Amino acid sequence: MARLKVYGIARTRAFRVLWMAEELGLDYEHIAIETGAAGARQPGYLAVNPNGRLPAIDDDGFIMWESLAINIYLAKKHGLGTLYPKSLEDEARCWQWSLWGMTEIERNVLTAMFNRAIYPEDKRDTAAADQAERDLQHPIGVLDGAVSKTGYLVGSGFTVADLNVASILSWARPARIDFAPFPKAADWLSRCALRPAAKAARDLQR
Ligand SMILES: N[C@@H](CCC(=O)N[C@@H](CS)C(=O)NCC(=O)O)C(=O)O
C-alpha cells in the first residue's frame with residue numbers, strides 16, 4: 001500500500017497531523033510544502049487542496065484537508081480503542097472538543113501569538129493581544145474543569161480530542177498566555193506536549 005503523504009511544513013498546522021502520524025506509528029511521507037506562492041498556492045498543490053492551505057493528506061488516493069478532521073480520520077482508522085474511542089458518546093465528545101478548540105480557542109490564541117511574537121514589533125497590536133487573552137479566560141477555565149476529573153478530555157486516557165486541542169494550545173507559549181489561574185489545564189498541556197510523538201513532530205519544525 002502507498003504510504004500516507006502529509007503535505008505542509010511542520011511550522012504550520014501540518015504539525016498537528018505529523019503529531020498524530022507519530023502517535024499512531026504510521027509509515028508516512030512528509031512533503032514539506034511551504035506556505036503562500038512558493039508552495040501552497042502552486043497549481044500542483046492546489047490540485048490536492050484547492051483552498052491553498054496546509055495541511056492536506058493523500059492516503060493511498062484518498063485526499064482530504066482540514067487539520068483536525070484529518071486527525072479524526074487517521075485516529076479512527078488506525079487508533080480505534082486507543083486514540084479514538086469505541087463508544088458513540090465518547091466519539092461525539094472527540095468531535096465536540098475538536099470543534100470547540102477551533103471555534104473557541106484558535107482565533108484568540110493566534111491573535112495573541114501574532115501580536116506578541118510574530119509580527120515585527122512596530123506592527124504589533126498590544127491591545128488586540130491583551131483582549132484576546134482576556135477572551136481566552138473563560139474557555140481555558142472550561143478546559144481546566146474538564147481535565148480536572150481524569151486528567152484527559154475524553155475517558156481516562158489520551159485521545160484525538162487531547163491532541164487536537166493541545167496542538168492548538170501549543171501556540172499559547174509564544175502567545176505568552178498566562179496559565180497560572182488554570183493549573184489543571186497547564187499540567188494537562190505540558191503532559192500532552194511532553195509525549196514522544198509531540199516531540200518528534202516538533203523536531204520536524206527545526
Ligand atoms: N482550518 C484549516 C486552516 C489551514 C491554514 O490556514 N493553514 C495555514 C498554515 S498554518 C496556511 O496554509 N497558510 C498558508 C497561506 O495562507 O498561504 C486547517 O486547520 O487545516
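# Contacts, cores and burial

Me: In this predicted model, an oxygen atom of the ligand is 2.4 Å from an N or O atom in the side chain of Arg53. What makes that pair a polar contact?

Reply: A polar contact needs a pair of N or O atoms within 3.5 Å. The ligand supplies an oxygen, and the Arg53 side chain supplies an N or O atom, at 2.4 Å. That is within the cut-off, so the pair counts.

Me: Which other polar pairs does the ligand make, at Leu54 and Ser67?

Reply: A polar backbone atom of Leu54 is 2.7 Å from an oxygen atom of the ligand. For Ser67, an N or O atom of the side chain is 2.7 Å from a ligand oxygen. Both distances fall within 3.5 Å, so both pairs count. The protein covers 81% of the 510 Å² of accessible area that the ligand has on its own.

Me: Which residues surround the ligand?

Reply: Among them are Thr12, Arg13, Arg16, Thr35, Gly36 and Arg41. Arg53, Leu54, Pro55, Glu66, Ser67 and Met102 also belong to the surround.

Me: Why is Ser67 called buried?

Reply: Buried means under 20% relative accessible area. Ser67 has 2%, so it qualifies. The residue sits in helix 3. Not counting residues up to four places away in sequence, Ser67 touches Arg13, Arg16, Val17, Pro55 and Met102.

Me: Why is Gly36 called partly exposed?

Reply: The partly exposed class lies between under 20% and over 50%. Gly36 has a relative accessible area of 22%, so it falls in that class. Gly36 is in the loop between strand 2 (28–31) and helix 2 (43–46).

Me: What makes Glu66 unusual in its backbone?

Reply: Most residues other than glycine have a negative phi. Glu66 is not a glycine, yet its phi is positive, about 85 degrees. The residue lies in the loop between strand 4 and helix 3. With a relative accessible area of 42%, Glu66 is partly exposed.

Me: Where is Arg176, and why is it called exposed?

Reply: Arg176 is in the loop between helix 6 and helix 7. Exposed means over 50%. Arg176 has 53% relative accessibility, so it counts as exposed. Arg176 also has a positive phi, about 55 degrees, although it is not a glycine.

Me: How do you know that the bond joining Leu54 and Pro55 stands out?

Reply: Most peptide bonds are trans. The one joining Leu54 and Pro55 is cis, with omega about 5 degrees. Pro55 is in the loop between helix 2 and strand 3.

Me: How do you know that the length of helix 3 agrees with its residue count?

Reply: Helix 3 has twelve residues. At 1.5 Å a residue, they should span 16 Å. The end C-alpha atoms are 16 Å apart, so the two values agree.

Me: Which residues of helix 3 are buried, and what covers them?

Reply: Ser67, Leu68, Ile70, Asn71, Ile72, Leu74 and Ala75 are buried. Their cover includes strand 1, helix 1, strand 3 (56–59), strand 4 (62–65), helix 4 and helix 6.

Me: How many residues are in the largest nonpolar core, and which have the most contacts inside it?

Reply: The core has 59 residues, and Trp19, Leu153 and Trp188 have the most contacts inside it. Helix 4 gives the most to this core, with eight residues. Apart from it lies another core, of seven residues, including Tyr7, Ala40, Tyr45 and Leu54.

Me: What does Trp188 touch?

Reply: Beyond residues up to four places away in sequence, the partners of Trp188 include Leu143, Val147, Leu153, Asp162 and Leu169.

Me: Why is Asp162 called buried?

Reply: Its relative accessible area is 0%, under the 20% limit, so Asp162 is buried. Asp162 lies in helix 6. A polar atom of its side chain is 3.0 Å from the backbone nitrogen of Leu153. Among the residues that Asp162 touches are Tyr152, Gly157, Ser167 and Cys192.

Me: What makes Ser167 buried?

Reply: Ser167 has 1% relative accessibility, and the limit is under 20%, so it counts as buried. Ser167 is in helix 6. Its contacts, with residues up to four places away left out, are Phe15, Arg16, Trp19 and Asp162.

How values were computed. Residues numbered from 1 in each chain as written. Predicted model: local features only at pLDDT ≥ 70, side-chain atom pairs only at ≥ 80, totals over all residues. Heavy atoms only, no water. Core = buried A, V, L, I, M, F, W, Y, C linked by side-chain atoms within 4.5 Å. Buried < 20%, exposed > 50% of the residue type's maximum accessible area, 1.4 Å probe, protein only. Helix = DSSP H or I, 4+ residues; strand = E, 2+ residues; numbered from the N terminus. Contact = heavy atoms within 4.5 Å. Near = heavy atom within 4 Å. Polar contact = N/O pair within 3.5 Å; in protein donor to acceptor, adjacent residues only side chain to side chain. Areas by Shrake-Rupley, 256 points an atom, 1.4 Å probe, with all protein chains shown as cover. Expected span 1.5 Å × (residues − 1).
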